[in-house]
Amino acid sequence: SWSGNTRCSHIVTFCAQGRYLALDLLLPHLPSSSQLLALAPNLIKTLLHTAADDESNAGVATSLLVKILDWKRKEMEKEHSIVPRKAVKSRKLRGDKKKRRMREAADADADAQPPPHSSDPPSQLPPGWLDLWLPHLSWALLSPLPRRRICASSFCLPPLLDACGHAEAPHAAAALLDGLASAPAPDNRRLWVALELHRTAAQRGLMARSPLLQTRVGEWLTPPRLQIAAGHAEDGVRAAGFQSLAAMVGEEGYPTEELVEVFRDRLPHAAKASASEYIKKLVRAMRDMLTALAGREAGATVLRTTFADVVTTAVDRGGYPGAVLERENVALPLLQECLEFAQKQKSEDLLAILAAAPVVLCLLTALQSVWDRTRSAAHALLLRLLAAAPPALLTRPSSRILLRCRAFHLAASPRSRESDAGARLLAVLHAASPEEDGARELVSLAATRVTAMESALEHAVEKGLPAATLPLSHGLLAALAPVAEALGLQGGTDAILAEAAAVCLRALELSLGVVADVHPAGP
């Protein structure tokens, strides 16, 4: 019963996930939200602060907060005789689930359509309802602690806007932007909040249907401010700036060419200066930018120029020889997204940009990286590029000879990373020109190397010498696996596959003489 005030106060005071779940179970049995908030006046503040400070409890705290706010809103609407727009438009259908689903789908379609008038309808939020949670949300978003700001933006802002409803969410977002002007916080934090709010509103389709929100966002995010954000010293502000630039290009009423120019100018610096945790946001912003440009009728030239700039940024800033892992983690994701975008658009011009020599040389350099993950990603990207638009650098006979010599040299190296790079390069060359003669040559060379290894091992056993100078064949044998797999798909190559299996068996027997002291001539 509600008479146990001490026990209820104990539940709503402590910050633990189990207590939030317990209070969630008690909500249907409580008389009113006003009585609950009278018992715990700081409950809304506590829940929102917990969601911003404790990531492990953010989900359950936010869910409970939304339920309490929705409950309080209904009571305040009843008190002020406010009829929600949804209740006017929708009618209850009982007994027929199919008709109910059809009505809900029709209501959703009606909500998704832009309003026929040029201004937002008056807000129907109860007076004082936003004051219950908006100041606390603003405090969390403007906090000096980066972790708190990120949690508030990720876990609190989206569900609270959704709780307002699709028709009232623009008014709540505009109120939050209006409060930024007088907020006691540095300009960089206020700019970051405006950028995050625009990104969240754009993802929910609020920008396209709300002239009020477009006006407020346009007042805050002017082109000079976006240029400052995209080149900001803080990684979080810079990443949010690129995401807002990409979102604005897909919206009406913004100077597309000016925004794209800012994006292109600031991208090289962002690709070089951003920390690894912000690279994914930068790559997603680039993908959204290209997708938005592809959706515009007059954006073909701008799209091609922007695409070329992104590829150049990936090659020059992240794919140079000796690049550290952070830079390689920029180049390869950017090139991968560019390839997926070009394949989705089915554009030969964009694929030609990716098949150019600088891009292929960048991937070949990454193929010889000291990092296993980079070599694997570069190998997969080269194979996808060969399937989409075979580069001339990998199909021209003169360049293939040089690359083949380099691959054989790397495959014979005692270092595992170099032998792996040689094996992958041989597999890429075979994929570029899958001929039986090339596969037979590889099998013959592997057999020759195994024979030399056998002779050297016999000589070492007779003279009692260490086996440290044996000719190594593991790189060539590693290249046989993808080549044999490709040949097996073609059919009619059983003889080559049998020769490759015999070579692998001989190499396995010889290796036992080194690792298990079992010599080939023994029993």
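The lining of the second largest pocket in this predicted model is a mixture of 8 nonpolar, 5 polar and 5 charged residues. In this tally Ala, Val, Leu, Ile, Met, Phe, Trp, Tyr, Cys and Pro count as nonpolar, Asp, Glu, Lys and Arg as charged, and the others, Gly among them, as polar. To find such spaces, a 1 Å grid is laid over the protein atoms alone: a pocket is an open set of points with protein on both sides within 12 Å along at least five of seven lines, a cavity is a set of points where a 1.4 Å probe fits but cannot get out, and lining residues have an atom within 4 Å of a point. The pocket has a volume of about 420 Å³, where volume is the space filled by probe spheres set on the points, with grid points joined across faces, edges and corners. Of its 18 lining residues, Ala 202, Gln 203, Ala 246, Ala 247 and Glu 251 lie nearest the centre. Helix H11 (187-203), helix H12 (206-209), helix H15 (235-249) and helix H17 each give at least two residues to this lining.

A word on conventions before moving on. Residues are numbered from 1 along each chain as its sequence is written. Local features need pLDDT of at least 70 and side-chain atom pairs count only at pLDDT 80 or more, while totals for chains, interfaces and linings use all residues, and side-chain values use heavy atoms, with hydrogens and water left out.

Now for the overall fold. The protein has 28 helices and 0 strands; both are DSSP runs numbered from the N terminus, helices being H or I with at least four residues and strands E with at least two. Of the 523 residues, 44% are buried (under 20% relative accessible area, with exposed over 50% and partly exposed in between, using a 1.4 Å probe and protein chains only). Among contacts (heavy atoms within 4.5 Å) with a separation of 6 or more, 71% join residues 24 or more positions apart.

What holds the middle of the picture is a nonpolar core, defined as a set of buried Ala, Val, Leu, Ile, Met, Phe, Trp, Tyr and Cys residues joined through side-chain atoms within 4.5 Å. The largest one has 145 residues, and Trp 133, Leu 221, Phe 307, Val 311, Leu 335, Leu 354 and Leu 394 touch the most other members. Helix H17 (residues 279-294) gives the largest share of this core, 9 residues. At least three residues come from each of domain 1 (11-80 + 131-164) and domain 2 (398-518), with bounds taken from an automatic or database domain assignment.

Leu 335 is a good place to pause. Beyond its neighbours within four places in sequence, Leu 335 is in contact with Val 311, Ala 314, Leu 354, Val 359, Cys 362, Leu 363 and Leu 381. Leu 335 also lines the largest cavity, together with Leu 339, Leu 354, Val 359, Leu 363, Leu 381 and Leu 385. This cavity has a volume of about 50 Å³, and its lining divides into 7 nonpolar, no polar and no charged residues. Helix H19 (325-345), helix H21 (357-367) and helix H22 (372-388) each supply at least two of them. In total there are 2 cavities of 30 Å³ or more.

Two loops connect helices in this region of the sequence. Lys 346 sits in the loop between H19 and H20 and is exposed, at 75% relative accessible area. Its phi is positive, about 55°, although it is not a glycine. Most residues other than glycine have a negative phi. Ala 356 belongs to the loop between helix H20 (348-354) and H21, and counts as partly exposed because its relative accessibility is 30%. The C-alpha atoms of Ala 356 and Ala 392 are 7.8 Å apart, although 36 residues separate them in sequence.

Finally, turn to helix H4 (residues 43-53), where 8 of 11 residues are buried, including Ile 44, Leu 47 and Ala 52. Leu 64, in helix H5 (residues 58-79), is buried because its relative accessible area is 1%. Leu 64 touches Leu 47 of this helix, as well as Tyr 20, Leu 23, Asp 24 and Leu 27. Arg 148 in helix H9 (residues 146-164) also counts as buried, at 15% relative accessibility. Its contacts beyond four places in sequence are Ala 52, Asp 53, Trp 139, Ala 140 and Ser 143.
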